[in-house]
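The exercises below concern a structure of two chains and are to be worked through with the sequence and the model at hand. Each task is followed by a solution in steps.

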Amino acid sequence: MIGTRIAVVVTLLALAAAARPARAQEIIPNVPLRTQHGTAVRFYDDLVKGKVALINFFFTSCTSICPRTTDNLKKVQTALGEHLGRDVVMISMSVDPRADTPAVLEQYALRYGTKPGWYFVTGRMEDINLVRRRLGVNRDGGDKTQHTGLLVYGNDATGQWAATPAMADPAVIARSVLRLVPARPSTARPPGP
Amino acid sequence: MRPRVSRRDLIKLGLMGTGYIVLGPEGRLARAESDGFTFQSPRTTPWQAELPLPAEPNPTASPLLDHPDAYRRFVDNQTTFFEIEAVERAVKFHPQLGDTAVWCYADRHIAPGATPSILGPTIKVRFGAYGEEVPGQPGRVRPKLAGGVLVRHHNNLPYDHRGFGMTRNTVHFHGGHVPARADGFPEDLVSPPDGFPNKVVFDRGEHYDYFYPMLDPGLVADNDIGRDHADCDETPSTLWYHDHLLDFTAANVYRGLAGFYLAFDDPNANSILSAPGKVALDIGDETFPDTDPFGHPTDPRILRLPSNDFDIPLVFQDKSFAADGSLVYNSFDHDGFLGDKVCVNGAIQPFLRVQRRKYRFRLLNGSNARIYQIVLADASGGRKPMTQIATEGGLMAAPIRNISGVLLYMAERVEVVVDFTSYAHGTELFLENRMRQDEGRKPDGVMSRGPQMLKFIVEGDPVEDPSSVPDVLRPFPKVTENEIRTAVRRTFEFERRHGAWVINGELAGQLTRPVATARLDRGEIWRLRNDSGGWWHPVHIHHEFCRVLSRNGKLPPLDERDGMAKKDTLLLRDNETVEVYVKFRDYIGPWVFHCHNLEHEDMAMMARFDVAP
């Protein structure tokens, strides 16, 4: 009787271990990156883990969709208000990492007047491509202009992720993102307009 | 009986599907591909469980109505009230699989001891319009806007939810012809058009009232109450309801938020309306006598299609499961998520014992991104005939007999009648899926054999079968040349730019403004074009059924052609163009049309259109 119970418990534990949900970094690669401040970070551990994140892809010399996208995301930044940097991060990852050094990214961020909590990151091309593949935004191979139109957003702590066009109405983007922010009694601010 | 495992038990064991992807049976990700992940669900032995058939909900006695003004002219003492709640529940998709936490629509008034199903309750209603004399004007008849169904949907999803899916709800009545506020708009509008509520999405702990008039179209007209005619040749038969939340429809429907809604003709409807009445009545009673007790012939319009126990809805949904039974989903697969197990009515490879007679099967593709080629076959793959009788818009003008298979794309409904009379006792037949599909973008072609999804076991001797499939079902006039000439014409070209969906060069999915505003009761011809090579898109237009005028400039295939069928979802293969006629007859308000590959929809492959007076 006791033996059976132990066997059941052991089986359940084994089952629980085997079926343990994948940790997020198994999906979101924990690749090494550098921010616009030159800081070395790990993509998952330092930027995404436990946070509400908006992730898009761009490159500074892009003259087509990227400038408009960054403009639009700047409006999102405004709409996010005090949440940015506190419980929400914005991550713009360069798909032209050789040209987009931290110094170039810093200039770019200065030009757009981005606030703390919005990270521009660069790294090794293969690492960035891995991130793009894992986030489902690089189905069309090496063309760096592809998938610059998408914004992946989600809450790593709860595992809720979605995607939306980066050029979507900034108020709608901000509202969708803030819905993922857990309510804090101290702020008592309803999400959205 | 499905064992019940509490949510707390699941959490204690760490078995809740918290991730967008879960470790495979060997304790590691099954395979990491360059483009993402493929996943292998645990092996399951086929044909272990009977096909689940979700029960009808139990009406509630107390009238429910949050916004009496909005629905005042419809709701009366003939209205049926249901209460359905979205809840999380541990269920079994297969006897050998662990418990799976799903979200389902549950009947709030379920009988004690009844087994809850994975699918939502199957709502069955009668469809039609009654007439009444205009007071003080003898002989003048006007339609009476009475009856209908009011469903109060509650959101009781967990507060501490983790993992894919969003615990906010908006319920779309797919194929329904209902006021805009009951359609399940994907998101609250900050500045909605006049008369449309600010809030249509409801959160945990909240509810929303959906009123479905179930009236013949053409009758109501939001701008002009009291027309004296209806389009009586349009009764849908197989509809469904599912979540439609902006950005999260795919995850929420994959988690289980879907159910059937079956409509039948009301034999008493429109008997005193001046307009030509219904030409056929699908009343869901094959045993309806040919003569009344006095020997007089009964209504010759009454059809006797296989009914009740022999009228079976089947929804096909592909899912993946972790070793513990929890659902596996990849929120980062924006091309369309494919599962590796096809569930029929929420069971993996179930069986159904059938008698030697005719059956009506209502096939619904409730998958996110999988397209099926469904074939009835014997164990060695020999094809057996089926007769197609209906599409999304209800019964076709005439049956198509001896079809060899059914192409079924997302949200599409096809009804078939299968006659098992000639198969010997013990014969086993299967519904096979012969469509090969390895990625969400589109299928890879039809195979000579495919996985078996459902087994029929033929039992007994031939039985008396009062049902029949006549050569004429529900004929209706084609769109006339004059209607075509005077229609407003619009073109919607779907493209993909920088990975985002674009309609007519503009970013899709911006629901704050309409891409088109149609006028009530004014015919429109929409040319839908798919410019994205390599992708298939089943496009679903809300509010009205479409008449398919042409496909790639040619006469459309019979099963979607105007004069034969009515459709609410239209397949656009790569570089295809489909032309449809549509007339928005009754309800003003904001509506949407969108790709019903749910991941494409969530990636904003959607547009708002308005209908104005």
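## Exercise 1: Cysteines

Task: Establish how many disulfides a search of the whole structure finds, and describe the link of Cys62(A) and Cys66(A).

Solution. Step one: over all chains, the search returns one disulfide, the term being applied to a pair of cysteine sulfur atoms within 2.5 Å. The model is predicted: local features need pLDDT of at least 70 and side-chain atom pairs count only at pLDDT 80 or more, while totals for chains, interfaces and linings use all residues; side-chain values use heavy atoms, with hydrogens and water left out. Residues are numbered from 1 along each chain as its sequence is written, and chains are lettered from A and ligands numbered from 1 in the order in which they are written.

Step two: the partners are Cys62(A) and Cys66(A), with an S to S distance of 2.5 Å. A disulfide is a covalent bond between the sulfur atoms of two cysteines.

Step three: the angle about the S-S bond is 95 degrees, and the link of Cys62(A) and Cys66(A) is right-handed. Both Cys62(A) and Cys66(A) are buried (buried means under 20% relative accessible area, exposed over 50%, partly exposed in between, with a 1.4 Å probe and protein chains only).

Step four: Cys104(B) takes part in no disulfide, as the nearest cysteine sulfur, that of Cys343(B), lies 14 Å away. Cys104(B) is buried, at a relative accessible area of 0%. Cys343(B) likewise is in no disulfide, and its nearest cysteine sulfur is that of Cys104(B), 14 Å away. Cys343(B) is also buried, with a relative accessible area of 0%.

## Exercise 2: The sheet and a helix of chain A

Task: State the strand order of the open sheet of seven strands in chain A, and identify which residues are buried in helix 5 of chain A.

Solution. Step one: the order in chain A is 2-1-5-4-3-6-7, and the pairing is mixed. Two strands pair if DSSP finds at least two bridges between them; helices (H or I, at least four residues) and strands (E, at least two) are DSSP runs, numbered from the N terminus.

Step two: strand 2 (40–42) and strand 7 (160–165) of chain A are the edge strands, each pairing on one side only. From one strand to the next, the twist averages 30 degrees (axes are lines fitted to C-alpha atoms, for helices over the stretch in contact, and angles run from 0 to 180 degrees between N-to-C directions).

Step three: three bridges connect strand 1 (residues 32–35) of chain A with strand 2 of chain A, in the antiparallel sense. Pro32(A) has Arg42(A), in strand 2 of chain A, as its bridge partner.

Step four: helix 5 of chain A covers residues 125–134, and its buried residues are Asp127(A), Ile128(A), Asn129(A), Val131(A), Arg132(A) and Arg134(A). Gly136(A), just after helix 5 of chain A, has a positive phi of about 70 degrees.

## Exercise 3: Strand 33 of chain B and the loop after it

Task: Determine how many residues of strand 33 of chain B are buried, and locate His543(B).

Solution. Step one: five of the five residues of strand 33 of chain B are buried, so this strand is largely enclosed by the rest of the structure. His537(B), Val539(B) and Ile541(B) point one way, and Pro538(B) and His540(B) the other way.

Step two: strand 33 of chain B pairs antiparallel with strand 35 (residues 569–572) of chain B over four bridges, where Pro538(B) stands opposite Leu571(B). Strand 33 of chain B also runs antiparallel to strand 37 (residues 589–595) of chain B, joined by three bridges, with Ile541(B) opposite Phe593(B).

Step three: His543(B) lies in the loop between strand 33 (537–541) and strand 34 (547–551) of chain B. Its phi is near 85 degrees, a positive value in a residue other than glycine. His543(B) counts as buried, at 3% relative accessibility.

## Exercise 4: Domains of chain B

Task: Describe the contact of domain 2 of chain B with domain 3 of chain B.

Solution. Step one: chain B is divided into domain 1 (1–38), domain 2 (69–277) and domain 3 (481–612), with bounds from an automatic or database domain assignment.

Step two: the centres of domain 2 and domain 3 of chain B, taken over C-alpha atoms, are 23 Å apart. The contact (heavy atoms within 4.5 Å) takes 39 residues from domain 2 of chain B and 29 residues from domain 3 of chain B.

Step three: domain 2 and domain 3 of chain B bury about 2,800 Å² between them, 56% of it on carbon and sulfur atoms. Buried area is the accessible area (1.4 Å probe) that two parts lose on being put together, summed over both.
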